[in-house]
Structure formats: structure tokens, C-alpha cells
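Student: Could we go through this model together, asking of each term why it is used and what supports it?

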Amino acid sequence: MKSLNELEEIRKRALESVNLRKDREGTRVVVGMGTCGIAAGARPVLLAFLEEIKKRNIQDVTVTQTGCIGVCRLEPMVEVYRPGEEKVTYIKMTPDKVKRIIAEHIVNGRSVTEYTIGAEEK
Amino acid sequence: MEDLSLYILDIAQNSISASATVIEIFVIEDEEKDKLVLTIRDNGKGMDPKTVERVTDPFYTTRTTRKVGLGLSLLDAAAKACGGSVVVDSQLGVGTEVRAEFGYRSIDRPPLGKMDDTIATLVACNPMVDFVYTHNTSRGTFKFDTRDVRQKIEDLPIEHPDIINWIGCYIREGLNVICGGGNT
């Protein structure tokens, strides 16, 4: 059975790596969590990002939410902001797509063009 | 929406938009009275009586980008479909309480869904907000409070992936005990 006391152990382990990144500007992943996004499946997408970040122990990425991004029919949508680069908007997201975006875009810096809003509109 | 936990996630967004700092979520499963009650209570900025009156109307919204607001309207429709209702109580400057009642055994009632995912998502995205989640069944009560977590992790941010993961597991385990492992 899980107990709150485990948190002290997790804290000790986590803090060793957290301290290193305090003032570095990192990548921001923003998930659309309006009614449209939630109904379309934004929750598993957001949790997949967190899971993948945890698994790979990536340090300088934050995952946050926003309201309706404005194109409800393309939800779930995710925006990725990397410092010094233009925002990339991914559409019709799934947990499977998340794995590729983490590997190719977040880690290696190349956006996954075929998942972007630009590809849809062609 | 596929299940009630997604409605809760959606309604809690309203509390966040209303600048709440504490959001309490109650789930009461009362099989004897054939009722499932969801309550989302916040200490946000609240609404005036006129706004409260129109809040389940899909063609009413305070947002300026578009003319429809579906969150509470969808919840209201879901509750009514299984013999229940939604009551919204609000006071300007004090907060808002949304209470949705569903017929527990109604064939049209959506399943509860993954409350662990809903709470983990809310905490991950809103680290400045405190969440209190209380779940009641005939087998007992489960309670989770982010303030207890904060006390243990001190200076570590609560949105740290390891903590969010722990929160999800903790809630899943707690619910397994009071829900008997079945999916309500």
C-alpha cells in the first residue's frame, strides 16, 4: 500500500537532478484542455507526455495546459515552444504520436512535420 | 464525454479560470439511494445570480472568442439523461459549487472513469492550486489532499513527473480499496 512517507524518498532522489536546471530556459509543451480538447482525448495525451518525460528523465521540459485553442475539430492539439524557435502546433494528437514528438522534436530538435497543423491544411 | 471523470476535469477548468486557489472534488456513490453525486467546490471569484441562472445554457458563455459554452451544458444534459440534475451555487467573491446528481443504476449513466488520471492532470497543469479529492462508497472513504503532499516534498515542485506519477498510483490504489476494484 502506498503511503505519503514514500514522497520523502522520491523528493531526495528528484532534487539531485532538479537543482541543475533552475535557471535554464526549457521547452514548453502546452496541451489544449478546453471542453473540446478534453472530449477529444487531451487527458491521455497530456499524461503520455508526462510519462515519456519521466521515463527518459528529461529535465528541462514543462507541460502545461491552455483553454480552447480555437480549431476544435483538430483537437486534441498540442503546442511546443522551444527557446528561440517558432511555435509548432500538433493536431489530432494521440499517446502514440507523443512518443515520436518527444524523440524527434523535444530531444532531437526536429519537428514531426506530418503531425503539424501545416500538414493538415495542405 | 466518455465518462464522469472527464466531466470533472472539464468543470474544474471553470474553477481555475475563476482564479480558485483551492478546489474540492467530492464523489459520493450511494447505491442504497441509487445516487451518484459529484460536487466541485472552489474559492474562485464566484458569479452573480443572473449569471448563475444562465450557466447551463449552451448559448451563454463569458468567453469572448466564441458564442457557445458547452462545459456545464454537457454535464447538465448527462445528469438529466439519467434522472438527475445539476445545481450551481455561487456567490461573488466567495466561490462556486457545482453539484451534479446521477441515477446510480441508470443505464444512461456514464461510468466514473479514471479519477486518478483526472486528479493527476489537474495537479500537473495547475501546480499553484490545491486540490482536495474525497470519494465515498459503501466500503469507505478515500481522501487525497495536495497540501499533505506539499508538506512531504517541501521545496520539490509538485508538478515534478515523479510526483505526478506517484499521485496517480496513490489514488488508483486508494480507489481500488473502496470501489472493490470494479469500474463504476
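Tutor: Let us begin with one helix, keeping in mind that this is a predicted model. In helix 3 of chain B, which covers residues 71–81, the buried residues are B:Gly71, B:Leu72, B:Leu75, B:Asp76 and B:Ala79.

Student: What makes a residue such as B:Leu72 count as buried?

Tutor: A residue is called buried if 20 or more other C-beta atoms lie within 10 Å of its own. B:Leu72 is listed among the buried residues of helix 3 of chain B, so B:Leu72 meets that cut-off.

Student: How do you know on which side of helix 3 of chain B these residues lie?

Tutor: They cover an arc of only 125° around the axis, and therefore they are on the same side of helix 3 of chain B.

Student: Which elements do these buried residues pack against?

Tutor: Within chain B, the buried residues of helix 3 pack against helix 1 (4–17), strand 3 (85–91) and strand 4 (95–103), and from chain A helix 2 (35–40) joins these partners. Just after helix 3 of chain B comes B:Gly83, which takes a positive phi of about 70°.

Student: How many residues does each chain bring to the contact between the chains?

Tutor: Chain B brings 30 residues and chain A brings 25 residues. On the side of chain B that touches chain A, at least two residues each come from helix 1, helix 3, helix 4 (115–125), helix 5 (146–153) and helix 6 (161–179) of chain B. Helix 6 of chain B gives the most to this side, with nine residues. By character, the residues of the side of chain B that touches chain A are 17 nonpolar, six polar and seven charged.

Student: Why can the radius of gyration of chain B be said to agree with a compact globule?

Tutor: For 184 residues, a compact globule would have a radius of gyration near 16 Å, and because chain B has 16 Å, the two agree. Along its principal axes, the C-alpha trace of chain B spans about 45 × 40 × 25 Å, and buried residues make up 42% of the 184 residues in chain B.

Student: What are the elements of chain B, and how do they follow one another?

Tutor: Chain B has six helices and six strands, and along the sequence they follow the pattern α-β-β-α-α-β-β-α-β-β-α-α. Chain A has five helices and four strands, running α-β-α-α-β-β-β-α-α from the N terminus on. Of the 122 residues of chain A, 34% count as buried, and the C-alpha atoms of chain A fill a box of roughly 50 × 35 × 20 Å along the principal axes.

Student: In what order do the strands of the chain A sheet lie?

Tutor: Four strands of chain A form an open sheet in the order 2-1-3-4, with mixed pairing.

Student: What makes strand 2 (61–66) and strand 4 (88–90) of chain A edge strands?

Tutor: Each of these two strands of chain A pairs on one side only, and they are the edge strands of the sheet. Neighbouring strands of this sheet are turned by 20° against each other on average, direction ignored.

Student: How do you know that strand 1 (residues 27–32) of chain A pairs with strand 2 of chain A?

Tutor: Two strands pair if at least two bridges are found between them. Strand 1 and strand 2 of chain A have six bridges, so they pass this test, and their pairing runs in the parallel sense. Within strand 2 of chain A, A:Gln65 is the residue opposite A:Val31.

Methods:
Residues are numbered from 1 along each chain as its sequence is written. Chains are lettered from A and ligands numbered from 1 in the order in which they are written. This is a predicted model: local features need pLDDT of at least 70, side-chain atom pairs count only at pLDDT 80 or more; totals for chains, interfaces and linings use all residues. A residue is buried if 20 or more other C-beta atoms lie within 10 Å of its own, exposed if 12 or fewer, and partly exposed in between; C-beta atoms are placed from the backbone. The arc is that of the directions from the helix axis to the C-beta atoms. Two residues are in contact if their C-beta atoms, placed from the backbone, lie within 7 Å. Ala, Val, Leu, Ile, Met, Phe, Trp, Tyr, Cys and Pro count as nonpolar, Asp, Glu, Lys and Arg as charged, and the others, Gly among them, as polar. The radius of gyration is taken over C-alpha atoms; the globule rule is 2.2 Å times the number of residues to the power 0.38. Axes are lines fitted to C-alpha atoms, for helices over the stretch in contact, and angles run from 0 to 180 degrees between N-to-C directions.
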